[in-house]
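Biologist: Please take one part of this model and go through it closely, in a single connected account, and then add what can be said of the ligand site.

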Amino acid sequence: MKFSIVVAALASGALATPKYPQKLSKRTLEYSPPVYPSPWMNPEADGWEAAYTQAREFVSQMTLLEKVNLTTGTGWASEQCVGQVGAIPRLGLRSLCMHDSPLGIRGSDYNSAFPSGQTTAATFDRGLMYRRGYAIGQEARGKGINVILGPVAGPLGRMPAAGRNWEGFSPDPVLTGVGMAETIKGTQDAGVIACAKHFIGNEQEHFRQVGEARGYGFNISETLSSNIDDRTMHELYLWPFADAVRAGVGSFMCSYQQVNNSYGCQNSKLMNGLLKDELGFQGFVMSDWQAQHTGAAAAASGLDMSMPGDTEFNTGVSFWGTNLTLAVLNGTVPAYRIDDMAMRIMAAFFKVQKSVELDPINFSFWTLDTYGPIHWAAGEGYQQINYHVDVRADHANLIREIAAKGTVLLKNTGSLPLNKPKFLAVIGEDAGPNPNGPNSCADRGCDNGTLAMGWGSGTANYPYLITPDAALQARAIKDGSRYESILTNYAASQTKALVSQDNVTAIVFVNADSGEGYINFDGNMGDRKNLTLWRDGDALVKNVSSWCSNTIVVIHSTGPVLIGEWYDSPNITAILWAGLPGQESGNSITDVLYGKVNPSGRSPFTWGATREGYGADVLYTPNNGNGAPQQDFTEGVFIDYRYFDKANTSVIYEFGHGLSYTTFKYSNIQVQKSNAGVYQPTIGQTTPAPTFGNYSADLNDYLFPSEEFPYVYQYIYPYLNTTDPRNASGDPHFGQTAEEFMPPHAIDDSPQPLLRSSGKNAPGGNPALYDVLYTVTADITNTGSIVGDEVPQLYVSLGGPDDPKVVLRDFGKLRIEPGQTAQFKGVLTRRDLSNWDVVLQDWVVSNYTKMAYVGKSSRDLGLSIVLS
Ligand code: BGC
């Protein structure tokens with residue numbers, strides 16, 4: 001349910017010290033209801049039992065200082081990883097390393113650069129998603145990383161221009177949910193904790209952080225508020241995060257921006273209510289870097305780990321650390337809450353990593369030099385910090401396969417696959433190298449040469465980057481073709497002279513880039529400022545195709561681009577979207593162009609004719625004075641194809657579209673109803689809040705032990721520097737009692753009622769939601785002459801007046817020999833057929849007639865059947 005009030009400062013968590021005082025606004029602001037107390041762990045939760053047994057044993061031995069050390073980062077650049085917490089040497093646990101990124105190891109060497117999440121989503125291949133997660137996990141483990149900061153379901157992809165969509169999977173929540181679950185399982189099976197991020201509503205870069213926005217000249221005092229209603233939250237944005245919890249993910253990252261005018265990392269409705277109560281998440285929530293704005297209130301709202309630990313980078317002070325020690329000692333934060341934080345962190349740790357005997361961290365994010373200060377920001381502790389460990393194994397083959405199978409053949413009038421072309425001309429900067437080297441722009445914050453990943457923290461250094469030019473040339477020479485390339489977009493006369501020759505097959509490479517908000521490239525402050533091709537790509541395509549009647553276009557991009565001006569030209573004989581393929585780019589596209597891999601990628605988003613056609617767009621200008629910009633998600637569940645369907649607008653290529661070099665025929669849809677029984681709401685209550693171990697009330701026991709080790713400059717410690725608590729804290733609110741300071745019920749430790757939509761011991765929500773209600777089958781026949789992989793897609797219409805026309809609910813990937821028929825089998829769970837009832841606060845299957853469709857894309861649904 002949504003509530004509206006006039007005063008934003010009552011948003012949950014805002015009772016504590018807000019980082020920037022909230023300005024009252026005349027506008028009626030959306031409001032996030034308070035949910036307290038913070039749910040404590042359930043050691044009986046499915047899949048977590050053994051981990052919690054180990055965690056209990058460990059945490060019961062910990063002192064309060066050690067618990068605080070485990071929950072608080074040591075400060076920006078204070079250690080080797082992008083984030084680390086304090087060590088527990090007494091119990092044999094070294095400092096845990098939290099490190100980027102969702103597509104490989106960020107900022108290190110001898111690691112692989114994998115295809116983006118979005119490109120992986122385009123494979124519609126669960127096995128490849130899992131294997132990618134596993135391989136990234138192996139590489140992270142080999143470097144000594146404990147938590148890899150991915151995968152991403154926020155942004156989901158509400159707006160096509162949003163800068164970080166490529167880090168995640170797709171604006172479709174089911175496809176993203178599958179991507180999340182498979183990646184998490186793979187990563188954690190390889191022994192590294194995954195982190196589902198950014199929770200939640202983190203749909204654009206503009207205004208995600210006040211400092212960043214001010215740096216761009218926007219005078220705001222609070223970050224953006226994503227205003228999301230309860231139904232949309234459940235049916236769209238929370239959906240893939242529920243899959244992450246159900247897959248057993250060990251950690252979550254709360255997001256920078258506000259949701260309904262309460263900061264992501266102190267929003268009790270999100271962390272306490274949705275994530276821990278309703279979804280029964282048993283791991284820990286870390287803050288995004290500098291996304292924490294309060295101390296005790298963040299703890300009460302469900303935050304478990306402060307990253308990177310300092311209030312802002314390199315201030316040397318923390319909302320937690322010393323302040324959390326004091327807050328527990330004076331009762332503002334109840335002892336059970338810090339115990340719960342420690343238990344959650346250690347349970348996630350033992351679930352995935354089993355033993356505290358860990359290999360050392362063998363790299364430093366801050367430099368590739370072999371020797372340097374281990375405490376980078378402080379410049380202290382000069383020693384060997386990079387061991388240059390090669391963790392790549394044979395992942396290049398997997399990378400090549402994923403990128404090839406994630407390449408979407410959007411159009412083909414017969415020019416593909418290539419077969420020993422007489423003369424191949426490759427045109428465009430996007431086919432060639434960055435002349436300064438593939439890693440020359442920090443965090444890939446430029447667009448030079450072929451585009452194989454976006455920019456920001458979601459990146460990795462390339463161990464090498466195979467350009468399309470290099471791979472295609474090698475293939476052409478092997479075939480005896482003539483080959484020439486022009487690796488600039490601005491050599492019109494030379495290009496014309498080349499591609500106007502007889503017998504030419506011209507392949508034009510173009511791109512469009514985006515990334516994270518801290519980098520502004522060419523006026524794109526993370527988010528793209530438009531949906532057109534970069535570096536005059538449209539002119540290049542139009543020119544080449546006006547001179548050459550066999551022009552093939554390859555697009556590398558972070559999402560859809562507008563291609564309406566040229567896509568239907570008869571001279572453009574094929575169009576491919578190759579996404580962000582990673583280090584094997586050239587090999588992957590060569591495999592597809594020459595038919596070594598029969599294309600089977602499907603577009604994970606819609607290619608609209610206009611930018612406006614998408615409905616929702618990035619908010620580029622503050623709209624609330626200098627208060628929090630308000631981004632109203634008024635379109636509800638209607639994003640991407642659901643919006644185009646509702647508006648009944650034609651699109652260029654629809655969600656799910658993708659061609660093959662063979663053809664498939666669909667027939668014989670059948671449905672089988674299962675005997676799932678009726679939905680049982682969860683009832684009962686939790687145990688009272690447990691505590692583990694004791695702590696001393698004597699402040700002398702908490703002083704910095706300077707005789708044991710030296711103080712590192714700006715490092716965040718759990719210790720006090722004086723036994724005068726007011727001076728030790730420096731908190732202006734010091735002296736208020738917990739009752740005065742904390743929201744109602746925030747320190748309650750009594751048994752709490754279980755939500756009916758939650759699973760008692762089942763992470764991911766009420767287990768009955770995942771009961772299979774129907775199985776839908778269809779026959780798929782390969783009617784062409786070569787073997788191919790087909791992606792049958794199962795959609796449903798829920799039938800109500802407020803429901804999308806169709807929503808994707810399952811898909812398969814079937815390899816079928818020519819002339820053969822394979823059976824596709826898709827399942828529909830109770831959740832798949834339900835709506836979120838905002839009054840009942842539960843999922844309900846409505847009485848409207850429901851239909852199932854099986855087809856090749858969201859708009860090519862040849863088969864349908866009533867679900868009765
Ligand atoms: C990003 C996160 C990232 C973190 C650490 C933040 O700015 O939003 O995705 O994991 O930095 O680099």
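Modeller: Gly 280, which comes just after helix 9, takes a positive phi of about 65 degrees. This is a predicted model, in which local features need pLDDT of at least 70 and side-chain atom pairs pLDDT 80 or more, while totals for chains, interfaces and linings use all residues. Numbering runs from 1 along each chain as its sequence is written, and side-chain values use heavy atoms, without hydrogens and water. Helix 9 itself (a DSSP run of H or I, at least four residues, numbered from the N terminus) spans residues 268–278 and is mostly covered, with nine of its 11 residues buried, that is, under 20% relative accessible area with a 1.4 Å probe and protein chains only. Those buried are Ser 268, Leu 270, Met 271, Asn 272, Gly 273, Leu 274, Leu 275, Lys 276 and Glu 278. At the start of helix 9, a side-chain oxygen of Asn 267 reaches to within 3.1 Å of the backbone nitrogen of Lys 269.

Turning to the ligand, 14 residues lie around it, each with a heavy atom within 4 Å, and Asp 100, His 198, Tyr 256, Asp 288 and Glu 516 come nearest. By class, this shell has five nonpolar, two polar and seven charged residues. A polar side-chain atom of Lys 197 lies 2.8 Å from a ligand oxygen, while Tyr 256 places a polar side-chain atom 2.7 Å from an oxygen of the ligand, and for Asp 288 the distance from such an atom to a ligand oxygen is 2.7 Å. Taken alone, the ligand exposes 310 Å², of which the protein buries 95%.

Key
Polar contact = N/O pair within 3.5 Å; in protein donor to acceptor, adjacent residues only side chain to side chain. Areas by Shrake-Rupley, 256 points an atom, 1.4 Å probe, with all protein chains shown as cover. Nonpolar A, V, L, I, M, F, W, Y, C, P; charged D, E, K, R; others polar. Buried < 20%, exposed > 50% of the residue type's maximum accessible area, 1.4 Å probe, protein only. Helix = DSSP H or I, 4+ residues; strand = E, 2+ residues; numbered from the N terminus.
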